[in-house]
Amino acid sequence: WLLPFAWLFAWALHDLLRRAAPALAKPLLAAALLSPWLLPSFGFMLEVPMLALSLAALALFARGAPGHPWRAAVAAGVLAGVALQAKYTAAPVLVALLAWGVFAGRARAGALAVVVALLVFRGIEALVFAAAGTSPLVEYLAGRGARDPSGHSPLVTAKRLVVLAGTAAPALVPLGLTALGAPRRLVHASLAAVVLGF
């Protein structure tokens, strides 16, 4: 049942890498797909489906035609809303969609994608509430005290997010070097260092 999400993750990541670093798209895709973070995550909660849906939302939004970006924005919003429902840590994709829209001169399309995502998220919450008498978000917020008995601190949560991002961030080094126009040898050396580090 996870195969469609694996395919979607691979397609979306490859599509985004082709835009950012065409010469390194295949090696970076292989490094990501075979990473020791991704493979075990298939059996761990909903990380891979959430990432697949989030990346697919970004890829679809990026493909939007300059003259008619609305269809791509709506499709991206639907995927982002489902990703957010799968796992709440998908929330940054909403910021990414809005920022991408602003920087690409399609701010309205970015805002539309975010609004559609929130409507889809709210719609799923309402359907679950109608069927079960409560929504997943309400249950999550109600159980927060049991999961974090010392109290919730936004700074502690931010620190945890930085630590989690640190495990994936090294893969961005070759991408950044490519964007900066570094010599190909240096990019390949950094890619090898990242793979050896993993």
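Is Trp 11 buried, exposed or partly exposed? With a relative accessible area of 27%, Trp 11 comes out as partly exposed (buried is under 20% relative accessible area, exposed over 50%, partly exposed in between, using a 1.4 Å probe and protein chains only). Before going on, a word on the ground rules: this is a predicted model, where local features need pLDDT of at least 70 and side-chain atom pairs count only at pLDDT 80 or more, while totals for chains, interfaces and linings use all residues. Residues are numbered from 1 along each chain as its sequence is written, and side-chain values use heavy atoms, with hydrogens and water left out.

Back to Trp 11, then. Its partner is Trp 7, and the two make a stacked aromatic pair, 6.4 Å centre to centre with 15° between the planes. (Rings of Phe, Tyr and Trp, the last by its six-membered ring, pair if their centres lie within 6.5 Å; planes under 30 degrees apart are stacked, over 60 edge-to-face, and the rest tilted.) The two tryptophans sit 4 residues apart in helix α1, which means about one helical turn separates them. (Helices are DSSP runs of H or I with at least four residues, strands are E runs of at least two, and both are numbered from the N terminus.) Trp 7 counts as exposed, at 55% relative accessibility. The rings of Tyr 88 and Phe 121 have their centres 6.0 Å apart and their planes at 80°, so this pair is edge-to-face. Tyr 88 lies in the loop between α5 and α6 and Phe 121 in helix α7, so the pair ties together parts 33 residues apart in sequence. Tyr 88 is partly exposed at 24%, whereas Phe 121 is buried at 12%. A search of the whole structure finds 2 aromatic pairs.

Helix α1 also holds a charged residue worth a look: Asp 15, which counts as buried at 3% relative accessibility. Asp 15 forms a salt bridge with Arg 18, with the closest N and O atoms 3.0 Å apart (the rule asks for a side-chain nitrogen of Lys or Arg within 4 Å of a carboxyl oxygen of Asp or Glu). Arg 19 bridges to Asp 15 too, at 3.6 Å. From further along the chain comes Arg 63, whose side chain meets Asp 15 at 2.9 Å, N to O. Asp 15 is in helix α1 and Arg 63 in helix α4, so this bridge ties together parts 48 residues apart in sequence. Put together, Asp 15, Arg 18, Arg 19 and Arg 63 are linked in a network of salt bridges. Arg 18 is partly exposed at 42%, and Arg 19 and Arg 63 are partly exposed at 44%.

Now for the interior. In soluble globular proteins, nonpolar side chains tend to be buried together. Here the largest nonpolar core has 41 residues, and those with the most contacts inside it are Leu 17, Phe 61, Ala 80, Leu 94 and Leu 97. (Such a core is a set of buried Ala, Val, Leu, Ile, Met, Phe, Trp, Tyr and Cys residues joined through side-chain atoms within 4.5 Å.) Its largest share, 10 residues, comes from α4. Leu 94 touches Ala 80, Leu 84, Val 114, Ala 117 and Leu 118, leaving aside residues up to four places away in sequence (contact means heavy atoms within 4.5 Å). As for Phe 61, the charged end of Arg 106 sits over its ring, 4.5 Å from the centre (for this, NZ of Lys or CZ of Arg must be within 6 Å of the ring centre and within 35 degrees of the ring normal).
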